[in-house]
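Subject: Handover of a structure and notes on its contents

Dear colleague,

Please find below the structure that I am handing over to you. My notes on it follow.

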Amino acid sequence: MSDSSKTASSTASTSAQVSAPVESSTDAPQPSTSAASPATTTVKGVAGRDATMTGPIAARYAAATPAEKKILGLPLTGDHNAGTRDSGVVFQQFEGGVITARNADAGTPAYLTWGKIREAWNIERDASGKPVPVGTNGSAGPLGAVTSDVTTVGSTQQATFEHGKVTYNTATDKVTVVVNGKTVPSGL
């Protein structure tokens, strides 16, 4: 079966998609997986290169709303833009965001992270969460793995992480980062 046939087949099998809201009135994590989602999906990425997503990443991408796909943009290719971290966290980078999951096991929820929240999560930090020139970031950093999609309530966007949360107020352009219950500099 050709890649385009696989993609068409995968797309056809996602008619019972479940999508996470971009606007939500709860702080609770919003897992986004669907039993009808494909195990693998291939889409055209940056520079027309095919980007193949598998497992929870493919399921979350298939379940993404048109607005979420617009925010994400095209998938980036290459080993620094998709793969598995030492912790087991799997990821796919896009022009405007990232989809991550705790592991590649079927049924594992995957989450969208984008905008100022993604930027703050990607700041290199020491173990306490303070921005430093040479630290760790993303899921390997002090915030840890993502545990919710970015949700929007009014002018506030928020995502939760294994060890904290990042909040962005679009009206004030203020980013607040909390690591292990303590507010730390955003680094932005």
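Which residues of strand 6 are buried on one side, and which on the other? The model is a predicted one, and in it Ala110, Leu112 and Trp114 lie buried on one side of strand 6, while Tyr111 and Thr113 lie buried on the other, so that both faces are covered. In a regular strand the side chains alternate between the two faces of the sheet. Because five of the five residues of strand 6 are buried, this strand is largely enclosed by the rest of the structure.

The sheet that contains strand 6

Strand 6 belongs to an open sheet of four strands, which follow the order 3-4-5-6 with antiparallel pairing. Strand 3 (82-84) and strand 6 (110-114) are the edges of this sheet; each has a single partner strand, so one side of each has no neighbour in the sheet. From one strand to the next, the twist averages 15°.

Two of the pairings may be described further. Strand 4 (residues 90-93) and strand 5 (residues 97-101) run antiparallel and are joined by four bridges. Within this pair, Phe91 is placed opposite Thr100 of strand 5. Helix 2 packs on the sheet, where it touches strand 4, strand 5 and strand 6, and its direction makes about 130° with that of strand 5. Strand 5 is also joined to strand 6, by five bridges and again in the antiparallel sense. Here Val98 has Thr113 in strand 6 as its bridge partner.

Helix 2 and Ala62

Helix 2 covers residues 55-63, and Ala62 is part of it. Ala62 has a relative accessibility of 8%, and therefore counts as buried, the cut-off being under 20%. From Ala62 to Ala39 the separation is 23 residues in sequence and 9.9 Å in space, taken from C-alpha to C-alpha.

Gln93 and the largest pocket

Is Gln93, a residue of strand 4, buried or exposed? Gln93 is buried, with 16% relative accessible area. Leaving aside residues up to four places away in sequence, Gln93 touches Pro75, Leu76, His80, Asn81, Val98 and Arg118. One of these contacts, Val98, is the residue whose bridge partner in strand 6 is Thr113.

Gln93 also appears in the lining of the largest pocket. The space in this pocket is about 190 Å³. Its lining is made up of 14 residues, of which Arg85, Phe91, Gln93, Asn122 and Gly138 are the closest to the centre. Strand 4, strand 5 and helix 4 (115-121) are the elements that give two or more residues to the lining. By kind, the lining has four nonpolar, seven polar and three charged residues.

The sheet of five strands

Another open sheet has five strands in the order 7-8-9-10-11, and its pairing is antiparallel. Strand 7 (151-153) and strand 11 (182-184) are its edge strands, each pairing on one side only. With direction ignored, neighbouring strands of this sheet are turned by 25° against each other on average.

How many bridges pair strand 10 with strand 11? Strand 10 (residues 174-179) pairs with strand 11 over three bridges, in the antiparallel sense. Lys182 in strand 11 is the bridge partner of Val179.

Yours sincerely,
A colleague

Key
Residues numbered from 1 in each chain as written. Predicted model: local features only at pLDDT ≥ 70, side-chain atom pairs only at ≥ 80, totals over all residues. Heavy atoms only, no water. Buried < 20%, exposed > 50% of the residue type's maximum accessible area, 1.4 Å probe, protein only. Pairing = 2+ DSSP bridges. Axes fitted to C-alpha atoms, helices over the stretch in contact; angles between N-to-C directions. Contact = heavy atoms within 4.5 Å. 1 Å grid on protein atoms, 1.4 Å probe; cavity = no way out; pocket = protein on both sides within 12 Å on 5 of 7 lines; lining within 4 Å. Points joined across faces, edges and corners; volume = space filled by probe spheres on them. Nonpolar A, V, L, I, M, F, W, Y, C, P; charged D, E, K, R; others polar.
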